[in-house]
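Here's a quick walk through one chain, from the overall picture down to a few spots inside it. Have the coordinates open and follow along.

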Amino acid sequence: MEADGLLLSAQEREAVRRGRALALSEIAPHAAAWEHAGSALPRPVFRAYAEAGLIGLEVSRQRGGSGLGYLCKIGLAEAMARTCLPSTFALNLAQGMATRIEREGSESQVRRHLPSLICGERIAAVSLSEPGAGSDFSAIATWAERAAGGWRLHGTKAWVTNGAHADLALVYAQTEPGSGAAGIASFLVELHADGVSRAADVPLIGGHAIGAATIVLDGVFVADDDLFAPPGQAFKRALTGITGARIHVSAMACGIVADSLARAVDHGRVRHSFGRPLIEHQGLRWSLADVATGLEAARALTYSAAQRIAAGADATLAAAHAKRFSADMALSGVAACMQAMGGVGLRADLPFGRHLAAARIVAYVDGTTEMMRDRIGADLARRRGGRPNPEAPR
């Protein structure tokens with residue numbers, strides 16, 4: 001099992017096994033058709049996730065969740081992404097929202113929103129990116145103005161994962177123009193409220209199941225009771241959440257390569273060329289050996305970063321290393337496995353094309369590969385002789 005490199009309890013290993021079985025039974029038969037039709041992950045799949053205890057994976061048992069840990073979430077991500085990365089990504093967003101509401105929300109917010117999310121009755125989304133603000137999150141233009149008893153939100157949010165079906169979104173908005181990160185607050189917004197509209201779903205090659213959508217907010221009223229994080233706190237909380245998300249994306253990258261490698265090896269064993277199995281030809285065997293080494297290295301970086309999160313340590317740099325390496329590894333690894341399949345790798349009923357497109361998605365979501373390199377480089381610039389340099393700018 002992919003999670004063998006993680007210290008999981010028997011209950012957590014069972015959750016990973018259950019998630020993998022669900023992916024094989026409920027997602028694998030339909031993933032190619034969803035992608036071909038440009039369809040978002042259907043709502044009944046979220047119900048299935050909930051019934052398996054996966055949406056409330058990290059939510060405490062007292063609140064109706066499974067009460068499992070972050071490391072289990074990482075093991076689950078790798079196992080399920082072997083079938084379909086975008087479907088797993090959609091699950092992660094739903095999981096993350098449930099966990100954040102329990103841990104960071106007010107008692108009123110927990111009581112009103114959490115039960116319907118963890119049972120799959122409603123679907124949640126997080127809304128940070130905008131048409132003109134992606135990686136530069138502090139530059140968001142969506143703004144919130146004070147109103148009697150709450151706020152009114154104005155603006156357009158882009159690339160909203162689960163946005164096609166979402167009922168509730170955590171929306172980030174500027175409350176004081178010109179103040180940058182310090183003025184950003186976050187709000188729990190009912191997406192069926194007056195003033196909310198959705199543009200056509202974003203056509204995302206290799207990732208239609210993510211259900212990415214554009215959401216327009218035209219004076220949408222949000223009561224004070226649904227202010228989630230006030231100015232001065234929302235931005236910092238978002239960055240903390242992104243660190244964990246980067247490790248999750250790295251685990252999914254490992255999943256698509258693990259599936260591609262297993263398929264290429266199996267093909268190499270049964271397909272013969274020049275009187276012997278393909279796997280016995282040095283050129284093919286060495287190519288797949290390189291993929292296997294890259295996969296093991298990516299897992300080591302990913303699991304090491306995940307252990308830091310689980311221990312409550314700073315994982316910012318570790319997550320950047322893991323995501324940068326895993327993104328590059330996934331793109332080259334899936335391509336090498338696809339090449340090892342010969343023309344068979346181009347068959348639409350096999351997942352190589354979807355995996356290859358998903359590897360490109362990995363390079364963008366939750367911080368581009370270029371951002372990860374810049375983050376790692378900035379850390380190097382602060383060091384002198386292997387130690388932090390206090391004179392270097394931060």
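## Helix 8

Keep in mind that this is a predicted model. Let's begin with helix 8, which covers residues 282-310, 29 residues in total. From first C-alpha to last, helix 8 reaches 41 Å, close to the 42 Å expected at 1.5 Å a residue. Just after helix 8 comes Gly-312, with a positive phi near 80 degrees.

Which parts of the chain do the buried residues of helix 8 pack against? They sit against helix 4 (70-81), helix 7 (234-270) and helix 9 (316-340). The buried set includes Leu-284, Leu-288, Val-291, Leu-295 and Ala-298, and also Arg-299, Thr-302 and Tyr-303.

## Ser-250 in helix 7

Now hop over to helix 7 and find Ser-250. Is Ser-250 buried or exposed? Its relative accessible area is 0%, so Ser-250 is buried.

Setting aside neighbours within four places in sequence, Ser-250 is in contact with Thr-302, Ala-322, Lys-323 and Ser-326. Thr-302 is one of the buried residues of helix 8.

## Strands 3, 6 and 7

Strand 7 (residues 213-223) pairs with strand 3 (residues 150-160) in the antiparallel sense, over nine bridges. One of the bridge partners to look for is Ala-213 in strand 7, matched with Val-160. Strand 7 also runs antiparallel to strand 6 (residues 196-198), and three bridges join them. There, Arg-198 stands opposite Ile-215 of strand 7.

Trp-159 is a good place to stop in strand 3. Its C-alpha is separated by 6.5 Å from that of Ser-129, although the two are 30 residues apart along the chain. Beyond its neighbours within four places in sequence, Trp-159 is in contact with Ser-129, Val-202, Leu-204, Ala-212 and Ala-213.

## Two aromatic pairs

How many aromatic pairs does the structure hold? It holds two. Phe-46 and Tyr-49 form an edge-to-face pair, 6.1 Å centre to centre with 85 degrees between the planes. Both belong to helix 3 (residues 43-51), and because they are three residues apart there, about one helical turn separates them. In general, an α-helix has 3.6 residues a turn, so residues three or four places apart point the same way. Phe-46 counts as buried at 2% relative accessibility, and Tyr-49 does too, at 0%.

Trp-151 and Phe-187 have ring centres 5.5 Å apart and planes at 65 degrees, so this pair is edge-to-face as well. Trp-151 lies in strand 3 and Phe-187 in strand 5 (residues 184-190), so the pair ties together parts that are 36 residues apart in sequence. Trp-151 is buried, with a relative accessible area of 8%, while Phe-187 is buried at 0%.

## The chain as a whole

Stepping back, the chain has 11 helices and 12 strands. Why does the radius of gyration fit a compact globule? For 394 residues such a globule would come out near 21 Å, and the chain has 21 Å, which agrees. Along the principal axes, the C-alpha atoms fill a box of roughly 80 × 55 × 40 Å.

Of the 394 residues, 54% count as buried. Among contacts between residues at least 6 apart in sequence, 73% join residues at least 24 apart. On the outside, the chain exposes about 16,700 Å², with carbon and sulfur atoms supplying 55% of it.

Note on methods: Residues are numbered from 1 along each chain as its sequence is written. This is a predicted model: local features need pLDDT of at least 70, side-chain atom pairs count only at pLDDT 80 or more; totals for chains, interfaces and linings use all residues. Side-chain values use heavy atoms; hydrogens and water are left out. Helices (H or I, at least four residues) and strands (E, at least two) are DSSP runs, numbered from the N terminus. The expected span of a helix is 1.5 Å times one less than its number of residues. Buried means under 20% relative accessible area, exposed over 50%, partly exposed in between (1.4 Å probe, protein chains only). Contact means heavy atoms within 4.5 Å. Two strands pair if DSSP finds at least two bridges between them. Rings of Phe, Tyr and Trp (its six-membered ring) pair if their centres lie within 6.5 Å; planes under 30 degrees apart count as stacked, over 60 as edge-to-face and the rest as tilted. The radius of gyration is taken over C-alpha atoms; the globule rule is 2.2 Å times the number of residues to the power 0.38. Accessible areas come from the Shrake-Rupley method with a 1.4 Å probe; for residues, only the protein chains shown count as cover.
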